[in-house]
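Student: I'd like a close look at one part of this protein. Could you pick a single strand and walk me through what surrounds it?

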Amino acid sequence: MPVSLQVAYPASEDSTFDLDYYLSTHMALVGKHMGPYIESTLVTKGLAGGPNVPAPFHAIATIVFKDQDALNSALGDSADVLADIPNFTNSKPQMLIGEVMG
């Protein structure tokens, strides 16, 4: 059964996020180190949390894997990906691992 890893980067008054670096460099690292295990990726840039409400996240990445074993293997190869996070944000990412339902 497919599983997903969602990584959300919280936005706050004092948080920073370099979207250009994230898309061009960080996601390339994700592909280099975790790519063989990935089925698909989707990056969503936060625009709003509702009408007239600031976005609660700078961005959310959704990465889909064939199964839990593929996710586990990808996470095992993610040290360089995790080490890169301070290069584009001072926000502490939140992660959600889930079962893909549709």
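Tutor: Before we start, one term: two residues are in contact when they have heavy atoms within 4.5 Å of each other. Also keep in mind that this is a predicted model.

Let's take strand β1, which covers residues 3–10, and begin with one of its residues. S4 lies in β1. Leaving aside its neighbours within four places in sequence, S4 is in contact with T62, I63, V64, L96, I97, G98 and V100. Is S4 buried or exposed? Its relative accessible area is 10%, and buried means under 20%, so S4 counts as buried. The strand as a whole tells a similar story: β1 is mostly covered, with seven of its eight residues buried.

For contrast, try L23, which sits in helix α1. L23 has a relative accessibility of 44%, so this residue counts as partly exposed. Between L23 and S4 there are 19 places in sequence, and their C-alpha atoms are 19 Å apart in space.

Now, what stands on either side of our strand? β1 belongs to an open sheet of four strands, in the order β2-β3-β1-β4, and the pairing is antiparallel. β2 and β4 are the edge strands, each with a single partner, so one side of each has no neighbour in the sheet. On average, neighbouring strands here are turned by 15 degrees against each other, if you ignore direction.

Look at the two partners of β1 one by one. With β3 (57–65), β1 runs antiparallel, and eight bridges join the two. You can find one of these pairings at V3, whose bridge partner in β3 is F65. On the other side, six bridges join β1 to β4, again running antiparallel. There, L5 has I97 as its bridge partner, and V7 stands opposite M95.

Here's a handy rule to keep in mind when you follow a strand along: in a regular strand, the side chains alternate between the two faces of the sheet.

Helices lie across β1 too. α1 lies across β1, β2 and β3, and runs at about 165 degrees to β2. α2, made of residues 68–76, lies across β1, β3 and β4, at about 45 degrees to β1.

Our strand also helps to line a pocket. The largest pocket has a volume of about 220 Å³. Its lining has 17 residues, and the closest to the pocket's centre are L5, V7, V81, L82 and M95. You've met some of these names already: L5 is the residue bridged to I97, while V7 and M95 are the pair standing opposite each other.

Which elements supply the lining? β1, α1 (19–34), β3 and α3 (79–84) each give at least two residues, and α1 gives the most, with five. As for the kind of residue, the lining has 15 nonpolar and two polar residues, and no charged ones.

One last stop, away from β1, is the loop between β2 (38–45) and β3, where you'll find N52. N52 has a phi near 60 degrees, a positive value in a residue other than glycine. With a relative accessible area of 84%, N52 is exposed, whereas S4 back in our strand is buried.

Terms used
Residues are numbered from 1 along each chain as its sequence is written. This is a predicted model: local features need pLDDT of at least 70, side-chain atom pairs count only at pLDDT 80 or more; totals for chains, interfaces and linings use all residues. Side-chain values use heavy atoms; hydrogens and water are left out. On a 1 Å grid over the protein atoms alone, a cavity is a set of points where a 1.4 Å probe fits but cannot get out, and a pocket is an open set with protein on both sides within 12 Å along at least five of seven lines; lining residues have an atom within 4 Å of a point. Grid points are joined across faces, edges and corners, and a volume is the space filled by probe spheres set on the points. Ala, Val, Leu, Ile, Met, Phe, Trp, Tyr, Cys and Pro count as nonpolar, Asp, Glu, Lys and Arg as charged, and the others, Gly among them, as polar. Buried means under 20% relative accessible area, exposed over 50%, partly exposed in between (1.4 Å probe, protein chains only). Two strands pair if DSSP finds at least two bridges between them. Axes are lines fitted to C-alpha atoms, for helices over the stretch in contact, and angles run from 0 to 180 degrees between N-to-C directions.
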